[in-house]
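Okay, thanks for coming, everyone. Let me put the model up on the screen and then walk you through it.

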Amino acid sequence: MRPAVPPGGEPQPEPLAQPQPMAGYGYAYGWGLAYPDPGYRSVVLIPRPPRPGVVNLAVILTYLGVGLSLVEAVAGIISLYIDRGSITSQVNDGIQSDPSAAAGMAAFAHAAFGLMLVVAIVTWVLPATGAVVTALLTGRGANPARIVLASLMGVYALSNLCGGTFGLVNLGGKGEAVRNLSILGGLLDVVLGALAVTIGVLVLVPSANRYFSAGPGRRFAPSN
């Protein structure tokens, strides 16, 4: 189809189509043109704020909790030793007519106590080491360590509160010494559970978040 010729003039070319904005980008489409990503933002370096008191308190409470957990672990080991002696004596009283069997059961009781002692030590050393390392790194401003510390505190709080409640409720059928140690261990578990909740909250409050996270588009400047 030929373009219309206006009266007394030459044919006029048809107007070129105007470029249309690309969907979601806000600028005209054009071949061979490189446009920056509209979501790109340069990183701004900002100074890290002073370490807030809540972080210092969380680190101190973590070390305090490790010390209390050591006391609780020692009380548990003593309780195991006392129970081991009572179990061995009961076995010996029940099979006095067979000395060889009594000796075998006594050896088994000794081996079982040794195994329980190793388990008790390992189950204290591993959580205590994790708490100390993450608390140390948290105090130095490491955000991943803070997240791990908060997660550990949640697990420790659940474990200690449940274990302490169970230990305080189930006191029947125990000797006086074992009962007292069980009460001490249960109370320490409850205290440790409360400490874990407190530490987890302290490292997640807004002032702690500002210390560990610079925010979107920003990064903490390296310290001199």
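So, start with His110, which sits in helix H2. Keep in mind as we go that this is a predicted model. Is His110 buried or exposed? Neither, really: its relative accessibility is 43%, so it counts as partly exposed, since that label covers everything between the 20% and 50% cut-offs. Now look across to Tyr81. In sequence, His110 and Tyr81 are 29 residues apart, but in space their C-alpha atoms are 9.7 Å from each other.

Stay on that helix and go along to Trp124. H2 runs over residues 99-139, and Trp124 is part of it. Trp124 has a relative accessible area of 23%, so this one is partly exposed too. Which residues does Trp124 touch, once we leave out anything up to four places away in sequence? Val66, Ser69, Leu70 and Ala73. There's also Val74: 50 residues from Trp124 in sequence, and 9.8 Å away from C-alpha to C-alpha.

Let me zoom out for a second. The chain has 5 helices and 2 strands. Reading along the sequence, you get β-α-α-α-α-α-β, with a strand at the start and another at the end of that pattern. There are 224 residues in the chain, and 26% of them are buried. As for contacts, take those between residues at least 6 apart in sequence: 71% of them join residues at least 24 apart.

Next, helix H3, which covers residues 143-169. Here's a little sanity check you can do yourselves. Take 1.5 Å a residue for the 27 residues of H3, and the helix should span 39 Å. The end C-alpha atoms are 39 Å apart in the model, so the two agree. If you want to know which parts of H3 are tucked away, the buried residues include Ala145, Arg146, Leu149, Met153, Tyr156 and Asn160, along with Gly164 and Gly167.

Hold on to Asn160, and come over to Asp189 in helix H4, residues 176-202. Where does Asp189 fall, buried or exposed? Its relative accessibility is 11%, so it counts as buried, because the cut-off for buried is under 20%. Leaving out residues up to four places away in sequence, Asp189 touches Glu72, Asn160, Leu161, Gly163 and Gly164.

That brings us to the pocket. The largest pocket holds about 960 Å³ of space. It's lined by 38 residues, and the closest to its centre are Ser69, Glu72, Ala73, Asn160 and Asp189. You've heard some of those names already: Ser69 and Ala73 are among the contacts of Trp124, while Glu72 and Asn160 are touched by Asp189.

Who builds that lining? H1 (53-94), H2, H3 and H4 each supply at least two residues. The largest share comes from H1, with 13 residues. And what's the chemistry of the lining? It divides into 20 nonpolar, 14 polar and 4 charged residues.

One last stop, for the ring fans. The structure holds 1 aromatic pair. The partners are Tyr211 and Phe212, with 4.9 Å from centre to centre and 80 degrees between the planes. That makes the pair edge-to-face, because planes over 60 degrees apart count that way. Both Tyr211 and Phe212 are buried.

Conventions. Residues numbered from 1 in each chain as written. Predicted model: local features only at pLDDT ≥ 70, side-chain atom pairs only at ≥ 80, totals over all residues. Heavy atoms only, no water. Helix = DSSP H or I, 4+ residues; strand = E, 2+ residues; numbered from the N terminus. Buried < 20%, exposed > 50% of the residue type's maximum accessible area, 1.4 Å probe, protein only. Contact = heavy atoms within 4.5 Å. Expected span 1.5 Å × (residues − 1). 1 Å grid on protein atoms, 1.4 Å probe; cavity = no way out; pocket = protein on both sides within 12 Å on 5 of 7 lines; lining within 4 Å. Points joined across faces, edges and corners; volume = space filled by probe spheres on them. Nonpolar A, V, L, I, M, F, W, Y, C, P; charged D, E, K, R; others polar. Phe/Tyr/Trp six-rings, centres within 6.5 Å; stacked < 30°, edge-to-face > 60°.
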